[in-house]
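Reader: I would like to learn how to read a protein model feature by feature, with the general idea first and the particular case after it. Could we work through one together?

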Amino acid sequence: MDARDVIKVGMSAERTLVVPLERTVGHFLPGMPLVYATPMMILEMEMASGDAIRGHLQPGWITVGTEVDIKHLAASLIGATVRTTAKVIAVERRVIRFQVEAFEGERRIGDGRHARGLVNVASFNKRLGVK
């Protein structure tokens, strides 16, 4: 499968999350502030990116995260509503590149770039010895 045949620049998706205790720095590292953790923000950005293109992939194909270049710009407390967006900005044969952002209200709390690689599940599992 060639991603250029099915994925187009401009495809996008958005996710919304109310920050729970389990997604804070302090949940993972005692003594740290109970604010939205950077890895959790990146997870939402990756998931939004996958959401933007998943419905266009052929059966048996998925994408996996391969690159992140993210800035976490501002803290968000437990209970904050965070909106994460992803937009396709480039498509190569096996790589799809995204502009990603996160907002609390109108305040941008994160931004950057993310890439996902196109993978055939059967081939991937065979290579890893998964049955």
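Author: In this predicted model, the secondary structure comes to 3 helices and 5 strands, and read along the sequence these follow the pattern β-α-α-β-β-β-β-α.

Reader: What box do the C-alpha atoms fill along the principal axes, and what share of the residues is buried?

Author: The box taken along the principal axes is roughly 45 × 35 × 20 Å. Of the 131 residues in the protein, 40% are buried, while the accessible surface comes to about 7,300 Å², with 55% of that area belonging to carbon and sulfur atoms.

Reader: Among contacts with a separation of 6 or more, how should I read the part played by residues 24 or more positions apart?

Author: Such a figure sets contacts between distant parts of the chain against a wider set. Here, residues 24 or more positions apart account for 67% of the contacts with a separation of 6 or more.

Reader: Which residues have the most contacts inside the largest nonpolar core, and which elements give two or more residues to this core?

Author: A nonpolar core is a set of buried nonpolar residues joined through side-chain atoms within 4.5 Å. The largest one here has 31 residues, and those with the most contacts inside it are Ile-7, Tyr-36, Ile-53 and Phe-98. Two or more residues each come from strand 1 (12–18), helix 2 (38–53), strand 2 (61–72), strand 3 (81–91), strand 4 (95–104) and strand 5 (107–120), and the largest share, 7 residues, is that of helix 2. To follow one member outward, Ile-7 is in contact with Ile-53, His-56, Leu-57, Val-88, Val-91 and Ile-96, if its neighbours within four places in sequence are left aside.

Reader: Is Asp-2 buried or exposed, and what does its side chain contact?

Author: Burial is judged by relative accessible area, with the cut-off for buried at under 20%. Asp-2, placed in the segment before strand 1, counts as buried because its relative accessible area is 18%. Its side chain makes a polar contact of 2.6 Å with the side chain of Arg-4, and beyond its neighbours within four places in sequence Asp-2 is in contact with Glu-92, Arg-93 and Leu-118.

Reader: Where is Lys-87 found, and which residues is it in contact with, leaving aside neighbours within four places in sequence?

Author: Lys-87 is found in strand 3 and is partly exposed, with a relative accessible area of 45%. Leaving those neighbours aside, Lys-87 is in contact with Gly-10, Met-11, Ser-12, Arg-97, Phe-98 and Gln-99. A separation in sequence can also be set beside one in space: Lys-87 and Met-45 are 42 residues apart along the chain, and their C-alpha atoms are separated by 10 Å.

Reader: Which residues make the nonpolar surface patch?

Author: Leu-21, Leu-34 and Ile-78 make a nonpolar surface patch of about 240 Å². Ile-78 is found in the loop between strand 2 and strand 3, and it counts as partly exposed because its relative accessibility is 41%.

Reader: Why does helix 3 lie largely in the open, and which residue caps its N-terminal end?

Author: Helix 3 (residues 121–128) lies largely in the open because, of its 8 residues, the number buried is 0. Asn-120 caps its N-terminal end, with a side-chain oxygen 3.2 Å from the backbone nitrogen of Ala-122. Helix 3 is followed by Gly-129, whose phi is positive, near 75 degrees.

Notes. Residues are numbered from 1 along each chain as its sequence is written. This is a predicted model: local features need pLDDT of at least 70, side-chain atom pairs count only at pLDDT 80 or more; totals for chains, interfaces and linings use all residues. Side-chain values use heavy atoms; hydrogens and water are left out. Buried means under 20% relative accessible area, exposed over 50%, partly exposed in between (1.4 Å probe, protein chains only). Helices (H or I, at least four residues) and strands (E, at least two) are DSSP runs, numbered from the N terminus. Contact means heavy atoms within 4.5 Å. Patches are made of residues with over 30% relative accessible area and no salt bridge: like charges are joined within 9 Å, nonpolar side chains (Val, Leu, Ile, Met, Phe, Trp, Tyr) within 5 Å. Accessible areas come from the Shrake-Rupley method with a 1.4 Å probe; for residues, only the protein chains shown count as cover. A salt bridge is a side-chain nitrogen of Lys or Arg within 4 Å of a carboxyl oxygen of Asp or Glu. A polar contact is a pair of N or O atoms within 3.5 Å; within protein, one must be able to donate a hydrogen and the other to accept it, and residues adjacent in sequence count only if both atoms are side-chain atoms.
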